[in-house]
Amino acid sequence: MKNHDEENEIQKIINEIDTIMFGYTLKHNCISQRNFYEPFIASLLGASCATTISTFILKDSDLVIPSAVIGFILPMIISYLPTKGRKNKIKTENYNMYKKEYLWLTRKEQIKVLKLVKRLVEILKCEAKYDKNKKYIINYLDYDNGNTMFDKFEANHPQFEILSQDKIDEIHQKNKLTPEEMYFNEFAYPAVCIPADKSRCVKFGNCRDCLVDYAKSQEEWEPITFEPQMIFEMPNEKDLSKSIRIKY
């Protein structure tokens with residue numbers, strides 16, 4: 001496989017994963033994820049400081065232009081150096097973004113993503129012949145010790161079982177919902193705290209995992225009907241006038 005063909009295959013798989021998760025493709029390079037304005041402002045300040053020092057402190061007019069150029073370029077270069085802290089920040093932001101979107105997918109969509117991720121791992125291990133392409137895959141997958149970030153999503157969060165179509169039809173014939181339908185149709189919109197147990201908050205740490213686990217506790221569910229209720233009655237004008245006492 002030529003380098004260009006290898007890159008195209010990798011990009012095609014990554015684009016497909018992004019489309020399933022976000023509805024569009026993302027640009028995966030570190031520079032595009034950084035804020036350009038902050039380094040630019042730092043460069044302007046650097047140029048201003050360098051010019052001020054040359055003019056008023058060193059009092060050397062010949063140094064004004066060179067120092068201004070250096071003061072402008074140096075902060076920009078430093079801001080784009082691949083420092084460990086910046087890399088970790090970008091990685092963390094990517095990880096959290098992908099986790100949030102992955103956990104919101106239906107189980108069938110998650111399985112599609114996992115199959116594509118497996119293909120990327122196969123390319124990484126067997127077919128990727130160029131270091132640049134290997135690093136690209138590793139960065140995208142957050143690949144570490146044989147595991148990807150998608151493996152971590154699977155291991156650290158409850159997921160729905162994929163039911164056969166016959167089982168789904170059987171549940172629907174009873175006018176009931178599957179656990180996954182119960183979660184997406186009833187629990188997630190509007191967000192409800194069911195079963196409202198503080199110990200579950202401690203155990204799961206977030207509403208999504210708690211509600212998915214609770215939805216999985218039954219094979220089929222009766223749809224929930226939410227009815228608006230008045231939690232207190234407004235007094236009529238006559239009662240209101242009696243209840244108010246004005247002191248002069």
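This passage describes the surroundings of Gln159 and an aromatic cluster in a predicted model.

In the predicted model, Gln159 is placed in the loop that runs between helix 7 (149-156) and helix 8 (165-173), and with a relative accessible area of 10% this residue is buried. The side chain of Gln159 makes a polar contact of 3.1 Å with the side chain of Arg208, while a polar atom of the Gln159 side chain also lies 3.4 Å from the backbone oxygen of Phe153. When neighbours within four places in sequence are set aside, the residues in contact with Gln159 include Tyr102, Leu103, Arg107 and Gln110, as well as Phe153, Glu154, Arg208, Val212 and Lys216.

Two of these contacting residues, Tyr102 and Phe153, also belong to an aromatic cluster that is formed together with Phe22, Tyr24, Tyr95, Tyr98, Tyr140 and Phe150. The count of aromatic pairs in the model comes to 15. Among them is the edge-to-face pair of Tyr98 and Phe150, with 6.2 Å from centre to centre and 80° between the planes; because Tyr98 lies in helix 4 (residues 84-104) and Phe150 in helix 7, this pair ties together parts that are 52 residues apart in sequence. Tyr98 is buried, at 2% relative accessibility, and Phe150 is likewise buried, at 0%.

The ring of Phe150 also pairs with that of Phe153, and because their centres are 5.6 Å apart and their planes at 75°, this pair is edge-to-face. Phe150 and Phe153 are 3 residues apart in helix 7, which means that about one helical turn separates them. Phe153, at 0% relative accessibility, counts as buried.

Definitions and conventions. Residues are numbered from 1 along each chain as its sequence is written. This is a predicted model: local features need pLDDT of at least 70, side-chain atom pairs count only at pLDDT 80 or more; totals for chains, interfaces and linings use all residues. Side-chain values use heavy atoms; hydrogens and water are left out. Helices (H or I, at least four residues) and strands (E, at least two) are DSSP runs, numbered from the N terminus. Buried means under 20% relative accessible area, exposed over 50%, partly exposed in between (1.4 Å probe, protein chains only). A polar contact is a pair of N or O atoms within 3.5 Å; within protein, one must be able to donate a hydrogen and the other to accept it, and residues adjacent in sequence count only if both atoms are side-chain atoms. Contact means heavy atoms within 4.5 Å. Rings of Phe, Tyr and Trp (its six-membered ring) pair if their centres lie within 6.5 Å; planes under 30 degrees apart count as stacked, over 60 as edge-to-face and the rest as tilted.
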